[in-house]
Amino acid sequence: MESGDANNSVFKSPNCNHSEEYKFTTYTVVFSLVFIFGLLGNVGALYVFCKLSVKNRLSTIFLIHLAVSDLIFILTLPLRIAYYFSSLISLKELSPKSTTSHLNLACRFSTFLFYISMYCSIFFLTALSLCRYLVLAGRVRLQNSEACRWARLMCWGIWVFVVGGNILYIWITSGFSMRAEGCLEPAGKESWALLYHFNLVVLVTCFLLPLTVVLICYSLMIRHILKIQAGQRQRDVALICLVLMIFCFCFLPYHIQRTLHLHYMMYPGTCQLLTNLQKSVVVTLCFAVVNSCLDPILFLFVGHGFKAVMNKYIARVYLTCAVENTNLSAMSPAVVQLPLVTEPKTTDTDQGSPLELSLSQNSDITV
């Protein structure tokens, strides 16, 4: 269930009316931006990891799976955008028929993939943090073949656990005949109660436990970072700052708000409280979705050699454009010069240009 799409009857009562136009408008705009920037960032990261880097490296293994988990959700965003845009149009036209059943089904499908993507991201970030601590403590090496094999097994284990948990969620909600409408909008107090208790289990196993592991790893990493040279700290410090930012900015507000929202949907409070909770759902859900755009920043600062690969690629593109511009200039008609106009002579030293930039094709770039 996505509490951000909740539309319980308590909001429809005559004493507690509210407009949902802001929700559909916000989701349409934010999800569209996330689709554009998230798609470009994660596809570019996968291209670098799979084509231009050494893949037999612990951090690279986790970062590849993290990018794939983001893309799984990003590729379904057009379905959600269509659903919210259709709902917005129907709301403005005061149409009694909101959206088609096909859009409802598409939005539900995107919601399930959102949970798969989000919790896979949480576990992959946790595994990456644990990996960095073990490397920093000297327990394992980044390019140890045995450690890489265990890292791959761990990643596939995370996929099985998260996907299996979502399938179990579908079975539980269907087996107990949870009533829902639209894009997983629960109907009835029993449905809210079922989701509330299921949310508590997910909150502990899929968020609080990984967050605890991350905090323990980083507290231990800080002790080791203070003992090593300053030049070797930057990458691990960047990892700590970026991962904590993602957890605190994207995941923590969403899980706190979702738990409070489900609680007050079971035990309704004042109209103003419920209205504020409904609005805060929109904000926290957008924060959670933005995670797909923040992960490429993690790739840039944490991926070993990622900057070198990007700089090499940008330099190669610049060199290609410069060569094409030079060829076009050579093919253009000669400039007609007046007899009284003279041009300064060029010397051999003037020919030193970016065209002479040589790029090593065999450089060893690792991530």
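**Briefing: helices, a core and two salt bridges**

R149 has a relative accessibility of 40%, so it counts as partly exposed. That arginine belongs to a predicted model, and its partner in a salt bridge is E146. Stepping back, the chain has 367 residues, and buried ones make up 44% of them. Its secondary structure comes to nine helices and two strands.

**Overall layout**
- Going along the sequence, the elements run α-α-α-α-α-β-β-α-α-α-α.
- The unreviewed UniProt entry carries the annotation "transmembrane region" for residues 27-49, 61-85, 112-135, 156-174, 194-216, 237-256 and 282-302.
- One of those annotated stretches, residues 112-135, is 100% helix and 0% strand in the model, with its end C-alpha atoms 34 Å apart.
- Another, residues 282-302, also comes out as 100% helix and 0% strand, and here the end C-alpha atoms lie 30 Å apart.

**Helix α1, end to end**
- Helix α1 takes in residues 21-51, 31 residues in total.
- From first C-alpha to last, α1 reaches 44 Å, close to the 45 Å expected at 1.5 Å a residue.
- Quite a few α1 residues are buried, including K23, F24, Y27, F31, N42 and F49.
- The buried set in α1 also includes T28, V34, G38, A45, L46 and V48.
- T26 sits in α1 too, but it counts as partly exposed because its relative accessible area is 28%, in between the 20% and 50% cut-offs.
- What lies 8.7 Å from T26, C-alpha to C-alpha, despite being 257 residues away in sequence? That residue is V283.

**A nonpolar patch on the surface**
- V29, L33, I36, F37 and L40 together make a nonpolar surface patch of about 510 Å².
- Is F37, a residue of helix α1, buried or exposed? F37 has a relative accessible area of 53%, and exposed means over 50%, so F37 is exposed.

**The nonpolar core**
- The largest nonpolar core has 76 residues, and F114, M118, F247, F251 and L298 are the ones with the most contacts inside it.
- Eight helices each supply at least two residues of this core: α1, α2 (58-74), α3 (77-92), α4 (101-136), α5 (145-175), α6 (189-225), α7 (234-266) and α8 (271-302).
- Helix α4 gives this core its largest share, 18 residues.

**Two salt bridges**
- The structure holds two salt bridges.
- In one of them, the side chains of R132 and D236 meet with 2.9 Å from N to O.
- This pair ties together distant parts of the chain, since R132 is in helix α4 and D236 is in helix α7, 104 residues apart.
- Are the partners buried or exposed? R132 has a relative accessible area of 6%, under the 20% cut-off, so it is buried. D236, at 3%, is buried because it too falls under 20%.
- The other bridge joins E146 and R149, whose closest N and O atoms are 2.8 Å apart.
- E146 and R149 both lie in helix α5, three residues apart, or about one turn of the helix.
- Why does that spacing suit a pair on one helix? An α-helix has 3.6 residues a turn, so residues three or four places apart point the same way.
- E146 has a relative accessibility of 41%, so it counts as partly exposed, and R149 at 40% also counts as partly exposed.

Definitions and conventions. Residues numbered from 1 in each chain as written. Predicted model: local features only at pLDDT ≥ 70, side-chain atom pairs only at ≥ 80, totals over all residues. Heavy atoms only, no water. Helix = DSSP H or I, 4+ residues; strand = E, 2+ residues; numbered from the N terminus. Expected span 1.5 Å × (residues − 1). Buried < 20%, exposed > 50% of the residue type's maximum accessible area, 1.4 Å probe, protein only. UniProt positions renumbered as here; feature names shortened; annotations may be inferred. Patch = residues over 30% accessible without salt bridge, like charges linked within 9 Å, V, L, I, M, F, W, Y side chains within 5 Å. Areas by Shrake-Rupley, 256 points an atom, 1.4 Å probe, with all protein chains shown as cover. Salt bridge = Lys/Arg side-chain N within 4 Å of Asp/Glu carboxyl O. Core = buried A, V, L, I, M, F, W, Y, C linked by side-chain atoms within 4.5 Å.
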